[in-house]
Amino acid sequence: PPSSQNNEQGSTLRDLLTTTAGKLRLGSTDAGIAFAPVYSTGAASGKSGRTMPNILDDIIASVVENKIPPNRAPKINVKSEIKDEPKDDKKSVQDDCSKRYSDIQYSWICDKHVLWLRDHKNSNNWKLFKECWKQGRPVLVSGMHKKMNFSLWKAESISLDFGNQQADILNCKDSIISNTNVKEFWDGFEDVSKRQKIKNGETALLKLKDWPSGEDFKAMMPARYEDLLKSLPLPEYCSPEGKLNLASHLPGFFVRPDLGPRLCSAYGVAATKDHDIGTTNLHIEVSDVVNILVYVGIAKGNGVLSKSGVLKKLEEEDLDDLLRKRLKDSSELPGALWHIYAGKDADKIREFLQKIAKEQGLEVLPEHDPIRDQSWYVNKKLRQRLFEEYGVKTCTVIQFLGDAIILPAGALHQV
């Protein structure tokens with residue numbers, strides 16, 4: 001603080017600790033004290049019953065007990081306390097996890113950025129998930145479809161039960177939305193000949209966006225709602241009643257984010273000429289989200305890539321070796337291609353997309369936000385430029401049938 005400022009105002013952490021030293025009684029339970037007890041009183045250690053303080057507690061205790069003057073910095077040597085802490089957070093988490101969670105089947109993918117939990121039934125998964133979630137990393141859990149009633153999620157089953165409903169259908173190529181009969185969408189889900197054609201005769205890439213959603217989902221599809229809830233991965237976090245699902249425990253006077261669930265269905269790009277478009281453009285979710293692939297339709301008809309053609313297209317992506325191995329496994333059914341970015345890269349990506357827009361002669365308004373507006377699908381060529389010009393690397397994940405992808409709020413992604 002400036003020298004003219006009164007030091008007694010507690011303008012720095014040190015000042016604050018010093019000026020309140022007289023009010024703080026270690027171990028006191030009075031509601032009026034400035035800080036909580038510096039030492040915890042859990043498992044007994046010696047006569048005092050106090051456990052070893054952590055580094056921050058030690059610093060606070062030293063400052064308070066020694067009443068260090070506000071104009072003199074405390075000389076606390078914490079090197080001995082942290083000498084065993086590895087500098088590389090990513091490496092330390094992985095090394096530590098391999099020792100502590102040997103009973104859990106897991107791997108690291110995408111340059112060790114994404115945790116892959118391979119056994120959805122393991123009741124200890126949430127403990128390892130917690131370590132990864134602290135660092136804001138995506139998590140993949142496979143095999144969720146094995147817990148579900150698969151017949152409920154078939155395209156023909158949904159069409160039969162709800163084909164007479166009206167819903168908004170998005171044309172992913174030109175972003176035109178039309179309100180139409182749901183049956184029309186589902187009829188073309190696996191039969192390309194029944195899909196809409198756009199003006200040049202090309203097959204339309206359609207998406208049934210967030211239908212149904214939230215309370216509508218529960219009211220309209222009670223059996224599917226119950227099937228989904230009992231099949232959620234990591235129920236401690238993902239279930240509405242999960243003890244670690246913070247959003248579900250917010251008091252009623254808070255405005256909660258839309259926690260869903262919502263059904264998101266789209267045609268694949270295998271039947272389109274342009275494979276540089278997506279069904280979900282680059283965007284950010286405001287809350288953590290879990291996305292489970294409950295059904296993969298196999299499109300049939302003229303102009304559709306064969307299964308080997310689809311696999312070849314996917315192999316052209318910048319894939320992790322473990323994902324390439326899954327692609328070769330005949331028991332696995334790939335359904336969606338994800339590109340994920342860390343929230344810390346949002347500003348760089350925003351700047352990059354505005355630069356590309358200007359290069360393409362598009363008008364860039366001051367209030368225009370390409371991420372918020374969900375106006376871009378970043379194709380392979382642009383992803384390469386993003387890395388070369390801004391140092392932002394893409395995390396590429398293939399979502400197979402039954403995979404749950406769990407993303408932290410703020411993570412950018414496209415599908």
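In this predicted model, five strands form an open sheet in the order β1-β2-β3-β12-β9, and the pairing within this sheet is mixed. The strands β1 (106-109) and β9 stand at its edges with a single partner strand each, so one side of each is left without a neighbour in the sheet. Neighbouring strands of the sheet are turned by 20° against each other on average, when direction is ignored. Strands of a sheet pair through backbone hydrogen bonds, either parallel or antiparallel.

The following table lists pairings between strands, each with one pair of residues that stand opposite each other.

| Strands | Sense | Bridges | Opposite residues |
|---|---|---|---|
| β2 (residues 114-117) and β3 | parallel | 3 bridges | Trp-116 and Leu-140 |
| β3 (residues 139-141) and β12 | antiparallel | 3 bridges | Val-141 and Ala-404 |
| β9 (residues 289-292) and β12 | antiparallel | 4 bridges | Val-289 and Leu-407 |
| β4 (residues 166-171) and β5 (residues 176-181) | antiparallel | 6 bridges | Ala-167 and Thr-180 |
| β4 and β6 (residues 206-208) | antiparallel | 3 bridges | Leu-170 and Lys-207 |
| β10 (residues 334-341) and β13 (residues 412-414) | antiparallel | 3 bridges | Tyr-341 and Leu-412 |

Strand β12 (residues 404-407) is joined by bridges to β3 and also to β9. Its residues Ala-404 and Ile-406 point one way, while Ile-405 and Leu-407 point the other way, and all of them are buried. Parallel pairing is found between β2 and β3, which are joined by 3 bridges, and here Trp-116 stands opposite Leu-140. Helix α5 (residues 125-133) packs on the sheet, where it touches β1, β2, β3 and β12, and its direction makes about 175° with that of β2.

What surrounds Ser-142, and is this residue buried or exposed? Ser-142 lies in the loop between β3 and α6 (155-162), and, because buried means under 20% relative accessible area, its value of 8% places it among the buried residues. The side chain of Ser-142 is joined to that of Trp-116 by a polar contact of 3.1 Å. If residues up to four places away in sequence are not counted, Ser-142 touches Trp-116, Leu-117, Arg-118, His-120, Arg-326, Gly-402 and Asp-403.

One of these neighbours, Leu-117, also has a place in the interior. The largest nonpolar core holds 50 residues, of which Leu-117, Val-139, Trp-153, Trp-186 and Trp-211 touch the most other members. Helix α5 gives the most to this core, with 5 residues. Apart from this core lies another one, of 21 residues, which includes Val-114, Leu-327, Ile-340 and Val-415. In soluble globular proteins, nonpolar side chains tend to be buried together. Leaving aside neighbours within four places in sequence, the contacts of Leu-117 include Ile-104, Tyr-106, Asn-125, Leu-128, Val-139, Val-141 and Leu-234, and Ser-142 is among them as well.

Other strands are arranged outside the order described above. Strands β4 and β5 form a hairpin with 4 residues between them, and in the turn Ser-175 has a positive phi of about 60°. Strand β4 also pairs with β6 in the antiparallel sense, over 3 bridges. A further open sheet, of 4 strands, has the order β8-β13-β10-β11 with antiparallel pairing, and its edge strands are β8 (283-284) and β11 (395-400), each of which pairs on one side only. Within this sheet, Tyr-341 has Leu-412 in β13 as its bridge partner.

Among the helices, α13 (residues 346-359) and α14 (residues 380-390) pack at an angle of about 115°, with their axes 11 Å apart, and α13 passes α14 in a right-handed crossing. Where these two helices meet, α13 contributes residues including Ile-349, Phe-352 and Ile-356, and α14 contributes residues including Leu-382, Leu-386 and Tyr-390. Charged residue names also appear in the meeting of α13 and α14, among them Lys-348, Glu-351, Arg-385 and Glu-389.

Taken over the whole chain, there are 14 helices and 13 strands. Buried residues make up 43% of the 415 residues. Of the contacts with a separation of 6 or more, 68% are between residues 24 or more positions apart.

Conventions: Residues are numbered from 1 along each chain as its sequence is written. This is a predicted model: local features need pLDDT of at least 70, side-chain atom pairs count only at pLDDT 80 or more; totals for chains, interfaces and linings use all residues. Side-chain values use heavy atoms; hydrogens and water are left out. Buried means under 20% relative accessible area, exposed over 50%, partly exposed in between (1.4 Å probe, protein chains only). Two strands pair if DSSP finds at least two bridges between them. A polar contact is a pair of N or O atoms within 3.5 Å; within protein, one must be able to donate a hydrogen and the other to accept it, and residues adjacent in sequence count only if both atoms are side-chain atoms. Contact means heavy atoms within 4.5 Å. Axes are lines fitted to C-alpha atoms, for helices over the stretch in contact, and angles run from 0 to 180 degrees between N-to-C directions. A nonpolar core is a set of buried Ala, Val, Leu, Ile, Met, Phe, Trp, Tyr and Cys residues joined through side-chain atoms within 4.5 Å. A crossing is left-handed if the near helix is turned anticlockwise from the far one by less than a right angle, and right-handed if clockwise.
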